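Student: Could we go through this structure together, with the reason behind each label made plain as we go?
Tutor: Yes, let us look at it first and then set the values against their definitions.

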Amino acid sequence: LLERGDGAFVEEGPGILKEAIAREGFFENVSTDPAAPDEYTREKVIGDPGEHVIRFMEWPPEYTLMPHEHHGRPCFEVLVEGQLLVADLERTRVSEGEYTFETLGGAVIDPGESAAIDPRNNEIHSVYSPVRSKSLHVYPEDNWRAYGYVPKESATNADIYERREFELRDPGAGSS
């Protein structure tokens, strides 16, 4: 599928994963640590460094994952339990390294449903979990860095975000 490009990855990948999830025994050795109230968990299920990867994620109730992007590459998520809101965001530069966001749209996904981030349309997105939720998140490559947008500490405008690079794991580690 990856050999056919990012379009095929986001258009056909969610259906392939949904079919796999429906197979008996799919989750036999798949688990994640319980998510603390202020963070989500990410456990690698499939993937070698530099290759495609599937991560099993647990989201605590009322958790918001900051606006972020994945190096211009797509990703998709299939919800296993709970509920997630995945919002597409458009950024507007207000000064060097500072942005505001407008919500372009989004999807509320329930168990068995998917949401895809397709950078051909828009790549910046955020995730909100109203209840404790679990999902499988699929990336075409296992990057250990991502770009996120964090609220700027400002007494005058709380809607300004700064773009920052985050390390998601030790670059020499085999999983995260």
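Tutor: Tyr 99, Phe 101, Tyr 149 and Tyr 161 form one aromatic cluster. The model is a predicted one, in which local features need pLDDT of at least 70 and side-chain atom pairs count only at pLDDT 80 or more, while totals for chains, interfaces and linings use all residues. Residues are numbered from 1 along each chain as its sequence is written, and side-chain values use heavy atoms, with hydrogens and water left out.

Student: What makes two rings an aromatic pair, and how many aromatic pairs are there by this rule?
Tutor: Rings of Phe, Tyr and Trp (for Trp, its six-membered ring) pair if their centres lie within 6.5 Å, and the planes are called stacked under 30 degrees apart, edge-to-face over 60 and tilted for the rest. By this rule the count is nine aromatic pairs.

Student: Why is the pair of Phe 9 and Phe 76 called tilted?
Tutor: Their centres are 5.1 Å apart and their planes make an angle of 50°, so the distance is within 6.5 Å and the angle is neither under 30 degrees nor over 60, which makes the pair tilted. This pair links distant parts of the chain, with Phe 9 in helix 1 (residues 6-22) and Phe 76 in strand 4 (residues 75-81), 67 residues apart; helices (H or I, at least four residues) and strands (E, at least two) are DSSP runs, numbered from the N terminus.

Student: How do you know that the charged end of Arg 163 sits over the ring of Tyr 147?
Tutor: The rule asks for NZ of Lys or CZ of Arg within 6 Å of the ring centre and within 35 degrees of the ring normal. The charged end of Arg 163 is 3.9 Å from the centre of the Tyr 147 ring, and that of Arg 91 sits over the ring of Tyr 99, 5.1 Å from its centre, so both distances are within 6 Å.

Student: Why is Glu 98 called buried or exposed?
Tutor: Buried means under 20% relative accessible area, exposed over 50% and partly exposed in between (1.4 Å probe, protein chains only). Glu 98, which lies in strand 6 (residues 98-109), has a relative accessible area of 14% and is therefore buried.

Student: What makes the approach of Glu 98 to Ser 95 a polar contact?
Tutor: A polar contact is a pair of N or O atoms within 3.5 Å, where within protein one must be able to donate a hydrogen and the other to accept it, and residues adjacent in sequence count only if both atoms are side-chain atoms. The two side chains make such a contact at 2.6 Å, so the distance is within the limit.

Student: Which label does Glu 62 receive for its accessible area, and why?
Tutor: Glu 62 is exposed, because its relative accessible area of 63% is over 50%. Glu 62 is found in the loop between strand 2 (53-59) and strand 3 (63-69), and has a positive phi of about 60° although it is not a glycine. Most residues other than glycine have a negative phi.

Student: What about His 71, which also has a positive phi, near 55°?
Tutor: His 71, in the loop between strand 3 and strand 4, has a relative accessible area of 32%, which falls between the two limits and therefore makes His 71 partly exposed.
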